[in-house]
Amino acid sequence: MKAAVYEGIEKLVVKDVPAPICTEENIVIRVRACAICGTDLRTFHHGKVNVKPPQIIGHEISGEVAETGSKVTGFKKGDRLAVAAIVSCGSCYYCRKGLPNLCAKFKALGYELPGGFAEYLAVPKEMLYDGSVNKLPDNVTFDEAAIVEPFACAINGQELSRVSRGDVVVIVGAGPIGLMHISIARAKNAGKVILAEMSEQRLEMAKTFCPDICINPGKENMVKRVMDETEQRGADVVIVAAPSGKAQEEALKYIAFRGRINFFGGLPKDKSFVSLDANIIHYREAFINGTSGSLPRHNMETLKLFSFGEPAGVNAKKFITHRYPLDRILEGIKTVESGIGLKVVINP
Ligand SMILES: [Zn+2]
Ligand SMILES: [Zn+2]
């Protein structure tokens with residue numbers, strides 16, 4: 001089969017490799033769509049400790065069942081599926097607590113295990129019955145299903161920051177993840193959604209997702225504007241969906257009492273220290289939390305939202321701006337980097 005194999009830094013090669021084998025207990029899918037994630041770019045340019053070359057990368061995956069093992073129940077050839085990324089052990093402390101994204105033996109498709117930039121993918125048996133693999137509602141396409149994984153991570157972030165009806169939610173960063181956060185905040189009936197982004201081009205693109213207010217912190221005083229928009233109370237929730245330590249630090253200056261700040265995006269590993277005013281956290285009773293991955297139920301919830309569509313405040317189609325065949329994956333990566341689009345989907 002054809003696959004995009006990461007062979008080392010700056011080396012992603014589309015080549016013929018042996019197709020995965022279907023065992024008694026797993027399934028093999030024909031991959032129909034796999035979206036490019038920011039993490040794939042990081043692996044491509046800088047490498048990643050948990051991606052040992054040669055490896056097929058890609059973890060935002062949808063496809064249809066090509067083969068099922070003799071002991072597998074509940075799946076049949078032709079089933080259309082969205083596949084989450086995390087493979088958890090099911091038996092460690094965190095798995096037993098219902099937090100498989102924090103599994104002690106955490107593995108993920110496209111990292112430790114072969115991923116979705118390939119014609120076929122073996123779905124490990126651990127994923128089949130814990131909600132990580134879900135059948136698509138009829139009105140959800142393969143391309144939309146490929147962005148279930150990042151959307152589910154964003155739902156996890158908003159759940160951890162307890163976004164509720166009427167909240168003022170500030171989202172920093174208008175990349176695809178930032179825009180997913182707008183849709184989710186809408187679905188949660190947030191009172192006001194404020195988007196902050198330094199790039200005018202991205203801010204312009206974001207307008208179709210209807211944030212109530214757009215701020216370019218490069219052009220106006222972000223803290224003052226958020227305070228003015230909230231009767232000087234500050235934001236109930238701030239989601240920093242940009243790899244910016246400065247944005248993380250600044251969030252404390254406009255957080256409301258009992259406000260929640262979510263460090264959604266990671267920082268570059270050589271710039272991961274920030275300085276936070278502990279007294280603000282203390283006096284305002286503020287919360288700061290992080291988000292890493294998602295739970296199986298967030299994937300299930302995402303598919304429901306995609307299926308409900310606009311009435312639920314979510315139009316999955318709008319996130320997908322570019323599609324490429326597997327052979328042109330490097331072009332797809334360039335498109336992501338150029339910032340001209342949102343999600344770029346590879347159709348192997
Ligand atoms: Zn991703
Ligand atoms: Zn575990």
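Visitor: How are the donor residues of the zinc ion (ligand 1) spaced in sequence?

Guide: This is a predicted model. The spacing of the zinc donors reads C-x21-H-E. Cys37 gives SG, His59 gives NE2 and Glu60 gives OE. The coordination distances run from 2.1 to 2.4 Å.

Visitor: Which parts of the chain do Cys37 and Glu60 come from?

Guide: They link distant parts of the chain, 23 residues apart. Cys37 sits in the loop between strand 3 (27-35) and helix 1 (38-46). Glu60 belongs to strand 5 (residues 60-68).

Visitor: Is Cys37 buried or exposed? And Glu60, buried or exposed?

Guide: Compare the relative accessibility with the cut-off: buried means under 20%. Cys37 has 14%, so it counts as buried. Glu60 has 1%, so Glu60 counts as buried too.

Visitor: Now helices. What span should helix 6 have?

Guide: Work from the rise of 1.5 Å a residue. Helix 6 covers residues 176-187, twelve in number, so 16 Å is expected. Its end C-alpha atoms lie 17 Å apart, which agrees.

Visitor: How many residues of helix 6 are buried?

Guide: The general idea is about direction. An α-helix has 3.6 residues a turn, so residues three or four places apart point the same way. Helix 6 itself is mostly covered, with nine of its twelve residues buried. Among them are Pro176, Gly178, Leu179, Met180 and His181. Ile182, Ser183, Ile184 and Ala185 are buried as well.

Visitor: What do the buried residues of helix 6 pack against?

Guide: Their partners include helix 5 (148-160) and helix 7 (200-206). Strand 11 (168-172), strand 12 (192-196), strand 14 (235-240) and strand 18 (343-347) are packed against too. After helix 6 comes Asn189, with a positive phi near 60 degrees.

Visitor: How many cavities of 30 Å³ or more does the structure hold?

Guide: Two. The largest has a volume of about 80 Å³. The second largest has about 40 Å³.

Visitor: Which residues lie nearest the centre of the largest cavity?

Guide: Ala84, Ile86, Ser132, Ser294 and Pro296, out of 14 lining residues. Helix 5 and helix 11 (296-308) each supply at least two residues of this lining. By class, the lining has seven nonpolar, five polar and two charged residues.

Visitor: What lines the second largest cavity?

Guide: Its lining includes Ile61, Ala82, Val83, Ala84, Ser132, Asn134, Glu149 and Asn299. Strand 6 (80-83), helix 4 (142-146) and helix 5 each give at least two lining residues. The classes here are seven nonpolar, three polar and one charged.

Conventions: Residues are numbered from 1 along each chain as its sequence is written. Chains are lettered from A and ligands numbered from 1 in the order in which they are written. This is a predicted model: local features need pLDDT of at least 70, side-chain atom pairs count only at pLDDT 80 or more; totals for chains, interfaces and linings use all residues. Side-chain values use heavy atoms; hydrogens and water are left out. Helices (H or I, at least four residues) and strands (E, at least two) are DSSP runs, numbered from the N terminus. The expected span of a helix is 1.5 Å times one less than its number of residues. Buried means under 20% relative accessible area, exposed over 50%, partly exposed in between (1.4 Å probe, protein chains only). Contact means heavy atoms within 4.5 Å. On a 1 Å grid over the protein atoms alone, a cavity is a set of points where a 1.4 Å probe fits but cannot get out, and a pocket is an open set with protein on both sides within 12 Å along at least five of seven lines; lining residues have an atom within 4 Å of a point. Grid points are joined across faces, edges and corners, and a volume is the space filled by probe spheres set on the points. Ala, Val, Leu, Ile, Met, Phe, Trp, Tyr, Cys and Pro count as nonpolar, Asp, Glu, Lys and Arg as charged, and the others, Gly among them, as polar. Donors are N, O and S atoms within 2.8 Å of the metal (3.2 Å for Na, K and Ca); water is not among the atoms, so sites may look incomplete.
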